[in-house]
Amino acid sequence: MTSPAEGEALHPQLRPVAAAGPKTMTDLLTLAEPERTLLNWLLRQRGASLADIMAHTQAEPAAIQGMLNNLTAAGFLILHDDADPAVFKPNLVSRQPRTMPEELWKSVE
Amino acid sequence: MAQVISIHSFRGGTGKSNLTANIATAVASQGKRVAIVDTDIQSPGIHVLFGLDDEDFTHSLNDYLWDKCSAKDAAYDVTALATANGTLADISGAVYLMPSSLKAGEIAKILREGYDVGLLNDCFHDLINKLGLDYLFIDTHPGLNEETLLSIAISDRMVIILRPDRQDFLGTAVTLEVAQKLDVPNITLLINKAPDIYPREALIGKVQAQYGVPVAGLFYENDEMLQLASGGIFWLHHPDHAFSQEVHAVARQLIAAE
């Protein structure tokens, strides 16, 4: 499998698969260092194109593509391909829904 | 380019909001345009220091996160409020405050449902751009929680406030470890509420040696602060007080580190 050159559009087979839902900041802390570092950077940038990510990381395109695929598949990133070029954005929520009883929440809302 | 500074403490009661308000206002007194966002959604309160009542604001950070208003709509110019009530000093810059909602139902709703982290990040950037800010201060909720982690993660600088207290010392070590995992570029410590039995240089030296992080300021407990009781910005009421001099010293360091 070849990886796209910097700035090229993603080949359909290289596109990340559907995400597994948003993650939280706590989930981010559990990532291995390379993924966490990339996601921290993307969080500060509020998203970046593949070309920008490659320019920033200076890593092998195949390694970056693999990391982006993994992060997207795990639900940490979303690929916004309505933008040109497509942009990888963090897919994080402040917290997952609480499991407290419905009635308790209703009593304070 | 604007600097995003998050002010954090591992435990409550460290004087975090008070120091945030004082330092942000001191930075504004140097001609800078400054905003404070109260991301302490669970227990908001920094607006009290600026004399802002909950009846005084129609929009809050909560409304922005629910797409009910723009970021600018929920930010209030509190420059004049800060200098009201007979204070002597003048602020040549500007201070804006984005409060969190004080309505119990709205606090519960956001705790229950959470929000898109990207929205909070967008909020900070919108404020910086629309208000032409030099500095954005984030007043966080104490401890480590999901909202706090985001504020830490997107900061250019993190200021951690601790008291000379064993529990604070332990908590600060944990906070530093998390901040390093989130690649925060600059971290600074402030020691607050120190009893005056501690010699300044010895205490600063001990804390710096323990954490390997610079201490930007040391604030001693004082009666005047207790008497003010969150009734205003301390240095504006007591411009010559040692606490106020330290606030300005920290503000100058933040500006110099740009």
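User: Quick ground rule first: helices (H or I, at least four residues) and strands (E, at least two) are DSSP runs, numbered from the N terminus. With that settled, which residue just after α4(A) takes a positive phi?

Analyst: Bear in mind that this is a predicted model: local features need pLDDT of at least 70, side-chain atom pairs count only at pLDDT 80 or more, and totals for chains, interfaces and linings use all residues. Numbering of residues starts from 1 along each chain as its sequence is written, while chains are lettered from A and ligands numbered from 1 in the order in which they are written. The phi in question is about 95 degrees, and the residue is A:G75.

User: How far apart are the end C-alpha atoms of α4(A)?

Analyst: Helix α4(A) runs over residues 61-73, which is 13 residues. The expected span is 1.5 Å times one less than the number of residues, so these should cover 18 Å. The model agrees, with the end C-alpha atoms apart by 18 Å.

User: Which residues of α4(A) are buried?

Analyst: Buried means 20 or more other C-beta atoms within 10 Å of the residue's own, exposed means 12 or fewer, and partly exposed is in between, with C-beta atoms placed from the backbone. In α4(A), the residues that pass are A:I64, A:Q65, A:L68, A:L71 and A:T72. Around the axis they cover an arc (taken from the directions from the helix axis to the C-beta atoms) of only 130 degrees, so they sit on the same side of α4(A). As for their cover, it takes in α2, α3 (50-57), β3 and β4 of chain A, and the buried set, once more, is A:I64, A:Q65, A:L68, A:L71 and A:T72.

User: What is the order of the three strands in the open sheet of chain A?

Analyst: Strands count as paired if DSSP finds at least two bridges between them. β2 (48-49) and β3 (77-80) of chain A each have a single partner strand, so they stand at the edges, one side of each left without a neighbour in the sheet. The pairing is antiparallel, and the order is β2-β4-β3.

User: Which residue in β4(A) stands opposite A:L79?

Analyst: A hairpin of six residues joins β3(A) to β4(A), and these two strands pair in the antiparallel sense over four bridges. A:L79 is on the covered face of β3(A) with A:L77, whereas A:I78 and A:H80 are on the uncovered one. Opposite A:L79 in β4(A) is A:F88.

User: Over to chain B: what is its radius of gyration?

Analyst: Chain B carries 12 helices and eight strands. Taken over C-alpha atoms, its radius of gyration comes out close to the 18 Å that the globule rule (2.2 Å times the number of residues to the power 0.38) gives for 258 residues, so chain B is as compact as a globular protein of that length. Along the principal axes, its C-alpha atoms fill a box of roughly 50 × 45 × 35 Å. The radius of gyration itself is 17 Å.

User: Which residues of α8(B) are buried, then?

Analyst: α8(B) spans residues 166-181 and reaches 23 Å from first C-alpha to last, close to the 22 Å expected. Its buried residues pack against β1 (3-8), α7 (146-153), β6 (157-162), β7 (186-194) and α9 (200-211) of chain B, while B:R166, B:V174, B:E177 and B:Q180 are exposed on the other side. The buried ones cover an arc of only 105 degrees, which puts them on the same side of α8(B). They are B:D168, B:G171, B:T172, B:T175 and B:A179.

User: And which element gives the largest share of the side of chain A that touches chain B?

Analyst: Two residues are in contact if their C-beta atoms, placed from the backbone, lie within 7 Å, and here 22 residues from chain A and 24 from chain B take part. On chain A, at least two residues each come from α1 (25-29), α2 (33-45), β4 (87-90), β5 (92-93) and α5 (102-108). The largest share is five residues, and they come from α2(A).
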